[in-house]
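Biologist: I'm new to this one, so could you walk me through it, one question at a time?

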Amino acid sequence: MSDAASTGAARTPGMLLGAEPHRTAVLEPPGLPRDPWMSPGPTAGYQGPPLMPPMPPLGPPLLAIRMDEVTKVYPNGKHAVEDIDLVVPEGDFVFLVGPSGAGKSTLIKLLVCDEEATTGTLEVAGHDLGTIKRGEIPKLRRQIGIVFQDFRLLPRKTVRENVAFALEVTGANRKQTRTTVDRLLGLVGLTGQADQRPGQLSGGEMQRAAIARAMVHDPRLVIADEPTGNLDPLISWEIIQLLLRINEMGTTVLMATHNAEVVTALRKRVVGLEAGRIVRDEVGGYHRDYA
Amino acid sequence: MLHLVTFSVRQALEGLWRNRVMSLAATVTMVMMLLLLSSLVIVLSGMQAGLAFVESKVEVRVELAEGVAQDRVDSLTAQLRSLPEVSDVIYVSKEQALADFTQQRIADGQPDLTDYIRNPFPNQLSVKLRDPRVSDQVMSVLDAERGPVVANVVEKQKDIDKLVSVTATLRTVGVAVLALVGLTVLLIVVNSIRMAVMSRSQEIEIMRLVGASDHFVRWPFIVEGLLVGLLGAAVTLTLLLLASGPISEVAKVIAGQVPVGFSQSLTFQVTSMVLIAGLGLGGVGAWISVRAYLRNAT
């Protein structure tokens, strides 16, 4: 992102957001060369039927995420994200897009308290991460389900044990664990594979197991970091459907992705990052050309 | 709480088994260190018993001149008694001294020859000291009376000083060696637990991401360290139990009439020290290791 771009940023109210006043950068600097990743792909014009019915109106405007002028500078001087203003109401489904190195991973690390913001205020699920105590971080993380591109399942444990592990290490009792795990394996459609190890599963099944694990604490927010990055298109759709279903049940979903097809097709809110700044925040479309 | 305990123990046992070569190495060095510790305690306690025994026997023996008036002897006795470093002064007549000598020879199984000799013993004062190594005042009083009243002073302090210095040296060297071995054990435990932590880094990362509290991350490893310590202590105590009989026999032969061996208090002392040292080193080593890791990984 050039200086011209950042100074030319026009701050307009977000399109999706409710009562909470906030600022969202929508940036369209004229005359900048378009990045190759932004150009419309062969599937950019997906015209298929909407995959999900529109969401019902939300109740009170609770916020899953509120970021106010958040900047993260790493000790080596790298400005990973700068001046991020982002408000995500509860129940939203948000795509986070941007080229590699744009700051998506840093943003996610900030949200799950894996990194601390250098400046700015950051609230997640009602916790102010600037003042959160170390002992409170686990409680915050139980309200966030995290899904990764590489699944991060424990290879020695079965699917059931992998999901149960997340409950076990947070002090849940055995009976409670069993009920929850059974319910979630049903939700992601892995009841039949419960006793298999990750090595025996397909990529899609592994990701579904990871999603089940992310859901064990009934999180208010699910953060998925490139969840379809290692999957073929058909399986990717299955995973997206699953995340949409979870969103439909009331959980906020923030999904970082490179998958233009999915982003364009779903007409959900899209937040674009470039060189650490939010360069767009609007509904639908993977690339910058929008109607 | 109970859940944390069962979880930690289960994970720790799994970790010990998964890393069994390193666990074995840690346990074996732990056993060696604990054996060294207990032998040092046993030997030192033996020397201490010997020292106490010898010290209890030590006195300043004052040989009185022939034909000294009783009142001069009484006044010397009173004067010595009034010194703070003296615990008691006992008058031993020459007949009593000969009788004591005869009795000791008989006790040692040697022929009683006293019938053939004239009693060689003078009348004596036996001065018992509070601290066998402090006798300056006694000596100065006796020096003042030398000649008319005091014929000779027999001191046994030199022997004690030797024994005391041997004991002190042994204790210093022993503690130094023990400290070095203890440090080695600590480092091995730290390393062993670090390997356990590394081999489970994926699990730890997932635990942290799903919101496990630090206790659930930390305690399995600390329990693993404690188990290495406990195992080491158990093996050490078993070896000592097997060896205690022969050791006592040897000690009796060497020490003679000095009362050494596995008294109840020594057994208790050694057992508790081995347990505390084992569990302490295991727990502290693990704690250091996990703490260093978690601080880097927050």
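**A tour of chains A and B**

Biologist: Which domains does the domain assignment give for chain A?

Modeller: Heads up, this is a predicted model: local features need pLDDT of at least 70, side-chain atom pairs count only at pLDDT 80 or more, and totals for chains, interfaces and linings use all residues. Residues are numbered from 1 along each chain as its sequence is written, while chains are lettered from A and ligands numbered from 1 in the order in which they are written. The bounds come from an automatic or database domain assignment. For chain A it gives domain 1 (22-27 + 61-143 + 219-275) and domain 2 (151-218).

Biologist: How many residues does domain 1 of chain A bring to the contact with domain 2 of chain A, and which helix gives the most?

Modeller: The C-alpha centres of these two domains lie 23 Å apart. Their contact (C-beta atoms, placed from the backbone, within 7 Å) takes 11 residues from domain 2 of chain A and 12 from domain 1 of chain A. On the domain 1 side, 5 residues come from the top contributor, helix H7 (residues 233-248) of chain A.

Biologist: And how do the residues on that domain 1 side divide by class?

Modeller: Ala, Val, Leu, Ile, Met, Phe, Trp, Tyr, Cys and Pro count as nonpolar, Asp, Glu, Lys and Arg as charged, and the others, Gly among them, as polar. Sorted that way, the side of domain 1 of chain A that touches domain 2 of chain A has 8 nonpolar, 2 polar and 2 charged.

Biologist: Which strands stand at the edges of the open sheet in chain A?

Modeller: Helices (H or I, at least four residues) and strands (E, at least two) are DSSP runs, numbered from the N terminus, and strands pair if DSSP finds at least two bridges between them. In chain A, 6 strands form an open sheet with mixed pairing, in the order E8-E9-E10-E5-E11-E12. Two of them have a single partner strand each, so one side of each is left without a neighbour in the sheet: E8 (144-148) and E12 (277-283) of chain A.

Biologist: At about what angle to E9(A) does helix H2 of chain A run?

Modeller: E9 (residues 221-225) of chain A pairs in the parallel sense with E10 (residues 252-256) of chain A over 5 bridges, with Leu221(A) opposite Thr252(A). Helix H2 (residues 104-111) of chain A lies across E9 and E10 as well as E5 (93-97) and E11 (269-274) of chain A. With axes as lines fitted to C-alpha atoms (for helices, over the stretch in contact) and angles from 0 to 180 degrees between N-to-C directions, H2(A) runs to E9(A) at about 150°.

Biologist: Over to chain B: what is its radius of gyration?

Modeller: Chain B has 9 helices and 4 strands. The globule rule (2.2 Å times the number of residues to the power 0.38, with the radius taken over C-alpha atoms) gives 19 Å for 298 residues. Chain B is well over that, so it is more spread out than a compact globule, at 30 Å.

Biologist: How far apart are the centres of the two domains of chain B?

Modeller: The assignment gives domain 1 (2-54 + 161-296) and domain 2 (59-155) of chain B. Taken over C-alpha atoms, their centres are separated by 51 Å.

Biologist: Which element gives the largest share of the side of chain B that touches chain A?

Modeller: That contact takes 13 residues from chain B and 16 from chain A. On the chain B side, the elements giving two or more residues are H1 (2-18) and H7 (201-209). The largest share, 5 residues, comes from H7(B).

Terms used:
Contact = placed C-beta atoms within 7 Å.
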